[in-house]
Amino acid sequence: MSVVVTGASGQLGRLTVEALLARGVPASDVVATSRDITRTKDLADRGVVVRRADFADPDSLAAAFEGADKLLLISTTTVDERVANHRRAIDAAVAAGVSLVVYTSMSHADTATTVLAATHRATEEYLRQRTVPSVMLRNSWYLENYTAQLPLFLQHGAVVGAAGEGRVSAATRADYADAAAVVLTTEGHAGAVYELGGDQAFTLAELAATVSAATGKQITYTDLPAEKLAEALTGAGLPAELAHVLADADLGLGRGELFTGSGDLRRLIGRPTTSLADAIADALADALR
C-alpha cells in the first residue's frame, strides 16, 4: 500500500507522516510530497519516499502521485488559489488511478458561510464530480491557532476576537493527524464525511479564563466588530486579505460553524482529544525549555 501525503513539510502533513509510521506503515510505503523537498530530507533519511509536488505544476503532481494507492490531500494555504490547486491535485490523483482521496476540509463545509468554507465546499463538490472514492475530514480549528498566541495574550492581557459567545471545537494538529492516519490505514471509510473537533468546545471568553488559570495573569476577552478585528490584525502586521479571512472566520465561529458535537474525532483516534488546558500547559512548558 502506497500512501501519499501532500504538504508533508507543513505541520499537519509531517504529523500525519509520523502517525502513519507509528501505525506500522513501512517507510517505503509512505510518499511525502512538498514543493521544497529539502524541507523533508530528514524523512528521506528515515526511508520515507520524498517527491516534489507543486500544486501549480500539474506535471509535478503526476510524477508525485504515480503508483499511489491512497492520497491525503491537505488543503493548501493561499485562499484565492486553493480551489484551482485542489482541482489540479484531484485530476492528477484520478489520472494516477488512486483508489481513495482523503481531503482535509473544514467544519460544516456544506453549510458554513465563511470565505474559507466556500473554498472547501467547492473542493468537496469537485471530488464528487470526479467520482473518485473519497473521505471528507472536516476539521474544526487547531488548538495551536490559540496556543501560538499565548505571548500576545500575556503581553496585552487580552484575547481579542469577533466570535461573541460562539463555541469552537478546536483540537490539536496531532489529534487530527492521528485521525487521518486511521482513515488511511483502515477500511470502510470511503464516502464518509467526518465532522472532527475536540471533545470540549469553548468560547473565546473561556479561552481567556483558561489562560488566566494557567498563567496566574488576568486575561480578558474583548469582543470586537469584525471590521475592527480585521483592522487590529492588519495593524499587527498581517496582510489585509488574511486579516479579513480571519475576522470572517471569527464571525463563523460565532454562528456555530466551528462547533461539532459529533464525537467523530474521539471515535476515530480511540481516545479522548487533547483538552484546551493541556494544550496551553504543553505550550507554556515548551516555551520554558
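In this predicted model, Ser134 keeps company with residues from several parts of the sequence. Beyond its neighbours within four places in sequence, Ser134 is in contact with Leu100, Val101, Leu127, His189, Ala190, Gly191 and Ala192. Ser134 itself lies in strand β6, which spans residues 134–139. Its relative accessibility is 10%, and because buried means under 20%, Ser134 counts as buried.

Two of these contacts, Leu100 and Val101, lead conveniently to strand β5, which covers residues 100–106. This strand is mostly covered, with seven of its seven residues buried. Its side chains can be followed in two sets: Leu100, Val102, Thr104 and Met106 point one way from β5, while Val101, Tyr103 and Ser105 point the other way, and all are buried.

Strand β5 has parallel partners to consider in turn. With β4 (residues 70–73), β5 runs parallel and is joined by four bridges; here Leu72 has Val102 as its bridge partner in β5. The connection between these strands involves helix α4 (residues 82–96), and β4, α4 and β5 together make a right-handed β-α-β unit.

Turning to β6, six bridges join this strand to β5, and the two run parallel. Within this pairing, Ser105 stands opposite Arg138 of β6. The chain passes from β5 to β6 by way of helix α5 (residues 115–129), in a β-α-β crossover that is right-handed. The path thus arrives back at β6, the strand that holds Ser134.

Conventions: Residues are numbered from 1 along each chain as its sequence is written. This is a predicted model: local features need pLDDT of at least 70, side-chain atom pairs count only at pLDDT 80 or more; totals for chains, interfaces and linings use all residues. Side-chain values use heavy atoms; hydrogens and water are left out. Buried means under 20% relative accessible area, exposed over 50%, partly exposed in between (1.4 Å probe, protein chains only). Contact means heavy atoms within 4.5 Å. Two strands pair if DSSP finds at least two bridges between them. A crossover is right-handed if, with the strands pointing away from the viewer, the path from the first strand over the helix to the second runs clockwise.
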